[in-house]
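Student: I'd love a close look at one buried spot in this protein and what surrounds it. Could you pick a residue, walk me through its neighbourhood, and then work outwards from there?

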Amino acid sequence: MRVAVVAVGDELLLGDVVNTNLARLGRALAVAGLECVRGVEVGDDPDEVVLAVRDLLPEVDAVILSGGLGPTSDDRTPDAVRRLAGAGPVRPVPNRVGTADGLDVTVDGRRLFAVPGVPAELDEMVARHVVPELRRLAGDPPPLLTRQLRVAATGEPAVARLLVPLEAELPDG
């Protein structure tokens with residue numbers, strides 16, 4: 001299953017906050033056997049959120065929005081989600097560790113989830129609702145297994161040459 005992440009917040013684009021949520025979501029999806037294929041950052045403007053989601057929907061099976069769900073005046077992600085859902089139902093996802101509920105809708109036959117940008121709230125909602133739902137839709141795929149090799153005092157081209165025989169034995173993808 002192909003998933004895209006849209007991180008929402010002017011603070012991301014201004015450089016005031018580093019987008020660590022993409023890394024959190026990418027890892028959670030990979031461990032669950034789901035493929036994060038794109039990560040996009042947009043400001044708090046609902047028009048920009050709608051545009052980003054509309055651009056991504058033809059390429060993916062699901063989109064996760066992160067941020068813009070809190071109590072402040074610039075938290076307008078729910079407005080964008082309602083616009084995207086049209087007349088379709090917007091399912092609230094209860095937030096057990098914070099104040100802003102998440103959202104779960106279907107847009108053009110694809111799932112759209114909105115979760116808070118606060119890391120603890122995001123982690124809880126993704127683990128409890130988003131990942132299980134995506135795994136169910138994807139037919140319970142096996143986790144993506146990775147191995148990280150750390151190399152010192154050798155350049156990337158030399159390491160790449162050493163890995164050619166090993167890479168040839170790996171399955172596609």
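Tutor: Let's start with a pair of side chains: Asp-104 and Arg-111 are joined by a polar contact of 2.7 Å. Keep in mind that this is a predicted model, so every number here is computed from it. Asp-104 has a second partner too, because a polar contact of 2.8 Å links its side chain to that of His-129.

Where does Asp-104 sit? Look for strand S5, which runs over residues 102-107, and you'll find Asp-104 in it. Is Asp-104 buried or exposed? Its relative accessible area is 1%, and anything under 20% counts as buried, so Asp-104 is buried.

Now see what is packed around Asp-104. Setting aside residues up to four places away in sequence, Asp-104 touches Pro-89, Val-90, Arg-91, Val-93, Arg-111, Leu-112, Phe-113 and His-129. You'll recognise Arg-111 and His-129 from the polar contacts.

Arg-111 leads us on to Glu-133. Apart from neighbours within four places in sequence, Glu-133 is in contact with Arg-111 and Phe-113, and both of those residues are also touched by Asp-104. Glu-133 belongs to helix H5. With a relative accessible area of 13%, Glu-133 is buried as well.

Helix H5 covers residues 119-138, and it helps to line a pocket. This is the second largest pocket, with about 360 Å³ of space. It is lined by 26 residues, and the closest to its centre are Glu-11, Gly-67, Gly-68, Gly-117 and Val-118. Besides H5, strand S1 (2-8) and helix H1 (10-13) each give two or more residues to this lining. Sorted by class, the lining has eleven nonpolar, ten polar and five charged residues.

For the largest pocket, the space is about 460 Å³. It has 15 lining residues, and Leu-145, Thr-146, Arg-147, Gln-148 and Leu-170 are the closest to its centre. Here the lining divides into nine nonpolar, three polar and three charged residues.

Next, follow the chain past H5 into the loop that leads to helix H6 (156-168), where you'll meet Asp-140. Its phi is near 55°, a positive value in a residue other than glycine. Asp-140 counts as exposed, at 52% relative accessibility. Ala-153 is in the loop between H5 and H6 too. Ala-153 isn't a glycine either, yet its phi is positive, at about 65°. Its relative accessibility is 89%, so Ala-153 counts as exposed.

Let's go back to buried residues, this time in helix H3. Which residues of H3 are buried? Within its span of residues 46-56, they are Pro-46, Val-49, Val-50, Ala-52, Val-53 and Leu-56. They cover an arc of only 165° around the axis, which means they are on the same side of H3. The spacing makes sense once you know that an α-helix has 3.6 residues a turn, so residues three or four places apart point the same way. What covers the buried residues of H3? The cover includes strand S1, strand S2 (35-42), strand S3 (62-66), helix H4 (77-85) and strand S6 (110-115). At the start of H3, there is also a polar detail: a side-chain oxygen of Asp-45 comes to within 2.9 Å of the backbone nitrogen of Asp-47.

For a contrast with Asp-104, try Ala-23 in helix H2, which spans residues 21-31. Ala-23 has a relative accessible area of 53%, and exposed means over 50%, so Ala-23 is exposed. Ala-23 and Gly-39 are 16 residues apart in sequence, and their C-alpha atoms are 9.5 Å apart in space.

Finally, zoom out to the whole chain. It has six helices and six strands, and along the sequence they follow the pattern β-α-α-β-α-β-α-β-β-β-α-α. The C-alpha trace spans about 55 × 40 × 30 Å along its principal axes. Of the 173 residues in the chain, 40% are buried. Among contacts between residues at least 6 apart in sequence, 66% join residues at least 24 apart. The contact between Glu-133 and Arg-111 is a good place to go back to when you turn the model around yourself.

Definitions and conventions
Residues are numbered from 1 along each chain as its sequence is written. This is a predicted model: local features need pLDDT of at least 70, side-chain atom pairs count only at pLDDT 80 or more; totals for chains, interfaces and linings use all residues. Side-chain values use heavy atoms; hydrogens and water are left out. On a 1 Å grid over the protein atoms alone, a cavity is a set of points where a 1.4 Å probe fits but cannot get out, and a pocket is an open set with protein on both sides within 12 Å along at least five of seven lines; lining residues have an atom within 4 Å of a point. Grid points are joined across faces, edges and corners, and a volume is the space filled by probe spheres set on the points. Ala, Val, Leu, Ile, Met, Phe, Trp, Tyr, Cys and Pro count as nonpolar, Asp, Glu, Lys and Arg as charged, and the others, Gly among them, as polar. Helices (H or I, at least four residues) and strands (E, at least two) are DSSP runs, numbered from the N terminus. Buried means under 20% relative accessible area, exposed over 50%, partly exposed in between (1.4 Å probe, protein chains only). A polar contact is a pair of N or O atoms within 3.5 Å; within protein, one must be able to donate a hydrogen and the other to accept it, and residues adjacent in sequence count only if both atoms are side-chain atoms. Contact means heavy atoms within 4.5 Å. The arc is that of the directions from the helix axis to the C-beta atoms.
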